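Student: I should like to learn how to read the surfaces at which chains meet each other and DNA. May we work through an example together?

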Protein chains: 2
Amino acid sequence: MSLNPRAEFLLKTLIERYIMDGQPVGSRTLSRQAGLDLSPATIRNVMADLEELGLIQAPHTSAGRIPTALGYRVFVDTLLKVRPLTASDMRRMQGEFASEHNPQQLMESASSLLSQITRLAGIVTVPRQEQTALRQIEFLSLSVNRVLVILVTQDGRVHNRVINTDRPYSPSELVEAANYFNQTYAARSLSEVKHILLGEMQKDSEAMQQAMTTAMHMARSLFMDQDDTSAGLVVSGESYLMEFPELGSIAKMRKLFDAFSTKRDLLHLLDQSIHATGMQIFIGGESGYQALEECSVVTAPYRVDGQIVGTLGVIGPTRMAYEHVIPIVDMTARLLGGALSGDQAGTYGQAPG
Amino acid sequence: MSLNPRAEFLLKTLIERYIMDGQPVGSRTLSRQAGLDLSPATIRNVMADLEELGLIQAPHTSAGRIPTALGYRVFVDTLLKVRPLTASDMRRMQGEFASEHNPQQLMESASSLLSQITRLAGIVTVPRQEQTALRQIEFLSLSVNRVLVILVTQDGRVHNRVINTDRPYSPSELVEAANYFNQTYAARSLSEVKHILLGEMQKDSEAMQQAMTTAMHMARSLFMDQDDTSAGLVVSGESYLMEFPELGSIAKMRKLFDAFSTKRDLLHLLDQSIHATGMQIFIGGESGYQALEECSVVTAPYRVDGQIVGTLGVIGPTRMAYEHVIPIVDMTARLLGGALSGDQAGTYGQAPG
DNA sequence: TTTGGCACTCCTGTTATTAGAGTGCTAAAC
DNA sequence: GTTTAGCACTCTAATAACAGGAGTGCCAAA
């Protein structure tokens with residue numbers, strides 16, 4: 001069951017080699033690669049053991065071995081030494097986040113950085129509204145029975161929603177309602193606000209002040225039919241994946257790209273990571289989605305103001321350079337979180353010259 | 001040079017057949033298909049003429065013929081009879097646009113309808129800002145030196161932009177400025193507004209009223225560094241294209257998908273159609289983009305309030321069912337335009353029950 | 001002008017063959 | 001006991017040879 005150090009080392013070497021060139025690794029190749037001064041025959045014995053343990057497998061009798069999902073799992077959990085970011089990548093990333101951007105652009109930058117540096121597909125979930133705190137809300141009369149609700153959240157994003165009201169509201173009513181709302185709910189998370197609102201609505205509406213009533217009306221329309229199909233997912237560089245022959249069969253590729261455009265499954269997968277405190281790696285079938293059978297997903301949550309609000313990561317073939325990818329995903333999450341948090345402190349953008 | 005009716009008919013039949021099954025069409029097949037009671041030998045003579053004229057070509061000596069780009073061009077220009085929409089497609093489209101939607105959702109619906117009904121990639125450009133008219137503008141103080149500009153355009157879209165000001169503005173200043181702006185510029189197109197503003201700025205600012213000065217400051221920040229990289233293009237169903245073997249080679253597919261994610265070239269191509277009054281069809285190389293070498297693009301402009309503001313269409317292999325695709329694109333453009341225009345008349349959405 | 005006939009070309013799929021890579025096993029060497 | 005050389009074996013990938021079929025162009029006859 002447990003591996004002796006030599007077997008571990010050979011597994012590590014084999015996987016590194018396979019990640020490099022994508023070819024099954026044979027005993028002779030491995031013997032040279034490992035530099036252990038062991039003959040291919042000895043290596044073959046060890047490889048037979050590793051196969052027995054389900055860590056590697058042979059595509060066919062006379063090919064070398066390739067890692068199984070389990071093999072990769074052991075590799076990333078116990079054998080992998082991540083490489084620090086290169087100085088140039090670091091500079092590039094910092095540069096990208098340093099320039100003036102709004103939150104939407106920041107997320108697109110993050111996604112595109114992830115894909116360009118790793119040459120894999122980059123994904124960023126937009127902050128889950130429930131998790132982010134309310135900073136400011138305003139109501140704006142558009143026409144007789146239509147009000148534009150402007151919601152600014154802690155991460156600096158501005159949300160718009162047009163709601164149809166059951167009676168006209170005067171501008172002053174709207175201002176009062178907004179004031180009431182801001183005083184009462186600012187800095188609370190949207191899910192809190194929703195929760196409190198549900199409670200308030202139980203109360204006798206006769207007892208409410210005018211402003212409060214108005215605010216309640218708005219809020220109901222705003223939060224109740226929040227369809228939230230706004231599957232917020234920024235994907236970049238999908239086409240890099242076409243270069244990997246192991247994902248090659250058109251049918252598989254089709255499924256994968258369908259997953260990218262449907263977004264639902266991906267979003268669901270990424271959402272799992274939002275509850276984890278650190279990075280997560282889903283290897284092959286571990287993700288539970290058929291389209292990702294041959295893929296690995298590396299994710300990291302990002303924080304705004306200390307609070308985890310979203311996740312980002314990359315998708316690529318199981319054979320990816322984990323030791324490079326991991327620190328890149330990690331750093332991107334930090335930088336994005338930092339840029340979004342920095343925003344709320346008022347340092348967003350630069351004053352015009 | 002000119003085709004006799006029989007040759008035309010055979011060209012039409014050949015292209016229809018090729019569009020159907022994607023196989024080169026031989027003389028025997030064509031003779032049966034055409035139902036003209038002509039022997040394959042006769043057909044061969046005609047086919048030789050058509051090849052001479054550059055309308056069809058043989059992939060190799062002993063294959064049948066396939067249409068050239070020129071052949072398709074003649075086909076769509078002079079031989080094609082479009083088929084009316086099926087009742088079920090019509091219902092489906094109307095249903096999609098009838099339900100309550102905001103402008104962004106409408107565009108996504110249009111794109112997704114296009115792709116699902118044609119089983120090709122659907123594309124919709126978001127309205128070019130310059131072309132759409134200003135309906136309402138508001139300024140909202142976010143923090144000391146930051147103002148949120150809310151711009152509502154004629155198509156019902158709400159645009160947000162945070163600008164950094166050189167001094168704090170009081171809420172009443174902002175309200176006055178907005179009033180001034182709305183009175184002066186409402187219903188003008190954004191490009192007009194920009195143009196007029198440029199003129200105004202030349203004037204002696206001493207002579208301006210306070211509100212006007214404030215408005216000018218806002219406007220300058222708003223319009224001047226309008227980066228407009230917000231390459232507004234909604235693409236759906238790209239993955240349908242993977243099913244077509246003629247686009248098959250991974251390298252070509254890769255280029256095509258790169259074009260989809262870069263968006264720049266596509267946007268540029270679609271923008272050409274904005275100046276045309278009706279539908280446009282780019283066949284193969286006609287589009288001028290290498291990635292679209294094997295593709296055709298069918299586009300139609302859509303109107304908000306009588307004014308063309310954007311275009312939409314589909315991208316597929318040159319071998320696409322033009323007679324079906326054309327009316328679908330046409331109708332989608334009408335419906336999207338109608339839905340966006342309907343919005344501004346105040347019929348947007350439904351009053352809550 | 002149309003058609004049947006015919007020789008010819010080229011693709012496609014099948015089969016056979018070979019070279020090469022890699023394996024597992026055994027027996028000898030360390 | 002571990003390691004290694006040797007060897008027979010397996011499977012793939014590449015190549016060539018071949019047959020079948022689809023389709024063509026051209027010619028001469030209808």
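Student: How many nonpolar, polar and charged residues does the surface near DNA strand C have?

Tutor: In this predicted model, the surface near DNA strand C has eleven polar, seven nonpolar and three charged residues. Ala, Val, Leu, Ile, Met, Phe, Trp, Tyr, Cys and Pro count as nonpolar, Asp, Glu, Lys and Arg as charged, and the others, Gly among them, as polar. A residue is near a strand if its C-beta atom, placed from the backbone, lies within 6 Å of it.

Student: Which residues come nearest to DNA strand C?

Tutor: Of the 21 residues around DNA strand C, the nearest are A:Gly26, A:Ser27, A:Ser62, B:Thr61 and B:Ser62. Residues are numbered from 1 along each chain as its sequence is written, and chains are lettered from A in the order in which they are written. Local features need pLDDT of at least 70, side-chain atom pairs count only at pLDDT 80 or more, and totals for chains, interfaces and linings use all residues.

Student: Which element gives the largest share of that surface?

Tutor: Helices (H or I, at least four residues) are DSSP runs, numbered from the N terminus. Helix 3 of chain A gives the largest share, four residues.

Student: How many residues does each chain bring to the contact between chain A and chain B?

Tutor: Two residues are in contact if their C-beta atoms, placed from the backbone, lie within 7 Å. Chain A and chain B bring 31 residues each. On the side of chain A, helix 10 gives the most, with six residues.

Student: Why is it said that the copies meet through the same surface?

Tutor: The reason is that 100% of the interface residues of chain A are also interface residues in chain B.

How values were computed: Helices (H or I, at least four residues) and strands (E, at least two) are DSSP runs, numbered from the N terminus.
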